[in-house]
Amino acid sequence: MNNIQSKIKRILLIVIPLAVLFGVMVYMFKDDYKEIFTEMSRANVFYFSIMIIIGLLYYCIDAIPYLILLRRNIPDFSYKKTLKMLFLGIFFNVTTCGTGIKPAQTYYLYKNGGAFGKSLGQITVPYVNHKI
């Protein structure tokens with residue numbers, strides 16, 4: 001029974017924030033949604049798909065320097081986990097207006113075997129390089 005409760009808890013931890021985010025977006029765009037859908041329907045599907053692929057490719061490439069740095073602290077850290085960490089950053093960028101990205105990513109690394117201080121430093125280095 002504990003396994004079922006754990007699965008329900010994980011599902012709720014995903015569904016509730018997404019529902020809240022969806023509700024906020026509906027509230028924000030309730031007067032303009034028709035214009036948004038009209039403009040999106042005018043978009044060329046091919047170019048829109050290319051844009052999405054290039055956007056995802058950016059994160060796939062961006063994961064490489066993070067992975068190199070993180071493997072110094074967590075030797076068995078995988079590329080897939082690095083991508084998860086980056087997408088977690090995107091999620092927290094949206095849901096916390098940018099304030100919770102690094103703490104959330106650091107906590108994720110801590111839960112995956114990283115030292116808290118080293119993890120924070122390692123994910124801050126590429127962030128600083130992006131700003132320079």
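**Aromatic pairs.** I counted the aromatic pairs in this predicted model and arrived at four. I looked at F46 and Y47 to begin with, and found that their rings form an edge-to-face pair, with 5.4 Å from centre to centre and 65 degrees between the planes. I then checked the exposure of these two residues, and both F46 and Y47 turned out to be exposed.

I went on to Y58 and Y59, whose ring centres are 5.1 Å apart and whose planes stand at 80 degrees; since an angle over 60 degrees counts as edge-to-face, I entered this pair as edge-to-face as well. For accessibility I noted a relative accessible area of 43% for Y58 and of 26% for Y59; because the partly exposed class lies between 20% and 50%, I recorded Y58 as partly exposed and Y59 as partly exposed too. I also noted that Y58 and Y59 belong, together with F87, to one aromatic cluster.

**Nonpolar core.** Next I looked up the largest nonpolar core and listed twelve residues in it, among them A63, Y66, L67, L70, Y108, L109 and I123. Asking which elements give two or more residues to this core, I found α3 (45-73), α4 (79-95) and α5 (101-111), and of the elements α3 gives the most, with four residues. From this core I picked L109 and traced its contacts, leaving aside neighbours within four places in sequence: L109 is in contact with L70, I74, F77, M85, G114, S119 and I123.

**Helix α5.** I then went through α5 for burial and wrote down I101, K102, A104, Q105, T106, Y108 and L109 as buried. After α5 comes G113, for which I noted a positive phi, near 100 degrees.

**K102.** Having placed K102 in helix α5, I wanted to know which side chain of opposite charge is nearest to this buried lysine. The nearest is that of D62, at 8.0 Å, and K102 has no salt bridge; the cut-off for a salt bridge is 4 Å, so I could not count D62 as a partner at that distance. What I did find for the K102 side chain is a polar contact with the side chain of Q105, at 3.3 Å. Setting aside residues up to four places away in sequence, I listed Y66, L120, I123 and Y127 as the residues that K102 touches. Looking back at the core list, I saw that Y66 and I123 are both included there.

Conventions: Residues numbered from 1 in each chain as written. Predicted model: local features only at pLDDT ≥ 70, side-chain atom pairs only at ≥ 80, totals over all residues. Heavy atoms only, no water. Core = buried A, V, L, I, M, F, W, Y, C linked by side-chain atoms within 4.5 Å. Buried < 20%, exposed > 50% of the residue type's maximum accessible area, 1.4 Å probe, protein only. Contact = heavy atoms within 4.5 Å. Phe/Tyr/Trp six-rings, centres within 6.5 Å; stacked < 30°, edge-to-face > 60°. Lys, Arg positive; Asp, Glu negative; His and termini not counted. Polar contact = N/O pair within 3.5 Å; in protein donor to acceptor, adjacent residues only side chain to side chain.
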